[in-house]
Amino acid sequence: MITRTRSAAGACALLAALTAGIAFPAGAAAGEPTGEDAPKVNLVLDVSGSMRTRDIDGGTRMAAAKQAFNEVLDATPEEVRLGIRTLGADYPGDDRKTGCKDTAQLYPVGPLDRTEAKTAVATLAPTGWTPIGPALLEAADDLDGGDGSKRIVLISDGEDTCAPLDPCEVAREIAAKGIGLTIDTLGLVPNAKMRQQLSCIAEATGGTYASVEHTDELTDRVNQLVDRAADPVVTPVATEGADACAKAPTLESGLYTDREEFGKQRWYRVDVEPGQELRASVSVGADRAVNPPYGVLLRAVTVHGREIVRGEAAGNGRTDVLSTGLRYPKAESDEEDAPAETVCLQVTNSFSVAAGVQTTPGLPLELTVDVVDGPSDAGDVASFGLGRGWWLLGALILAGFLAGLLWGWLSRWRFAVWRTN
């Protein structure tokens, strides 16, 4: 699903620096959590020359970032593995090729030594270019490995200066890998162009974007994003749907991510035992400019092609994530060893783009599959097929018939009273 409406929301950003010779933090002591499932956060900080600008609470943007980082480092939960990467911190020259390689890991992702990290941040001075795209690629590699949540928090005061490596396309490529990494972005005193670029980066991975104009806002926002990384999360499993049910992967209950091309369809298979109920939902996110209107269709179909039930949603450009779902209860069987039914789930979209907008990779898709015990209460609308409309249609017809009889009787009674008077 995605990536509703999206969120993503999506689906988050912050700091980093440079300087060679700073010691790596000591390893964790015995008993400290060092597992591969620990949540990881990489703070990516723009240290380009524009960070010298004095327009945040009377001080420079760099001073505001340093103050915020010191407070964030003090408040980082013990279980979070935190790192700091910089961009534009080392090269002060005019050679664009060299400047666009200027990104470095200031503090490695791992158990946090607050003193070491603060010392590293204190050395930072606004210097060079703004290679956001290359920095995001490196930051994603910094978080490689493990099954815990992964988050990049990017803080920048300007748009990327190293095109044609578009940072928005970089974010889409990262999302397409299916590694469950979210990028949140924070814009310092943003302009319209920067806001658009940072929003696009965040939306591509289900992250969030926020503009910041005061030091306390920056501190609060980064703290929220670091704390969010420590929250329990369900990591989606990357899958690849097929172009036909016969070739589709069989899914169990869980959360899955995929990519769907514009105007195409994806097929998945789910086995449903007698007495069980299939509950499925899908979210498809428009992570780039699309033409309204558009829609998403989720169908449950038998292996012979007969539609069982469907869910659909339409949009007109006011939201960038569409979600829909369905329920299918399979009746109990009198046979003791009755086989499971294979249900084919088809996801179709009607998104389109204007000329010049890239169509690859496909749109981010998030699919939730849940196979549970079927409804035992006869009052459950799904057990009667009300979700498919037939019972509701019958109830409306009966109600209309009774209302017509009542209205006719009242009309005749009023006419008789009028004649009598």
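What is the volume of the second largest pocket? In this predicted model, the second largest pocket has a volume of about 440 Å³. The protein that holds this pocket is built from 8 helices and 17 strands, and of its 421 residues 48% are buried. The exposed surface comes to about 20300 Å², with carbon and sulfur atoms supplying 53% of that area.

**The second largest pocket**

- The lining of the second largest pocket consists of 16 residues, and those lying nearest the pocket centre are C168, R172, Q196, C200 and A289.
- Two elements, α5 (167–176) and α6 (192–204), each give two or more residues to this lining, and α6 gives the most, with 6 residues.
- Sorted by class, the lining has 7 charged, 5 polar and 4 nonpolar residues.

**The six-stranded sheet**

- An open sheet with mixed pairing is formed by 6 strands, which follow one another in the order β5-β4-β1-β6-β7-β8.
- Strands β5 (103–110) and β8 (209–212) stand at the edges and have a single partner strand each, so one side of each is left without a neighbour in the sheet.
- On average, and with direction ignored, neighbouring strands of this sheet are turned by 15° against each other.

**The pairing of β1 and β6**

- Within the sheet order, β1 is followed by β6, and strand β1 (residues 40–46) runs parallel to strand β6 (residues 150–156), to which 6 bridges join it.
- One position in this pairing can be named, since N42 stands opposite I152 in β6.
- In general, the strands of a sheet pair through backbone hydrogen bonds, in either a parallel or an antiparallel manner.

Key:
Residues numbered from 1 in each chain as written. Predicted model: local features only at pLDDT ≥ 70, side-chain atom pairs only at ≥ 80, totals over all residues. Heavy atoms only, no water. Helix = DSSP H or I, 4+ residues; strand = E, 2+ residues; numbered from the N terminus. Buried < 20%, exposed > 50% of the residue type's maximum accessible area, 1.4 Å probe, protein only. Areas by Shrake-Rupley, 256 points an atom, 1.4 Å probe, with all protein chains shown as cover. Pairing = 2+ DSSP bridges. Axes fitted to C-alpha atoms, helices over the stretch in contact; angles between N-to-C directions. 1 Å grid on protein atoms, 1.4 Å probe; cavity = no way out; pocket = protein on both sides within 12 Å on 5 of 7 lines; lining within 4 Å. Points joined across faces, edges and corners; volume = space filled by probe spheres on them. Nonpolar A, V, L, I, M, F, W, Y, C, P; charged D, E, K, R; others polar.
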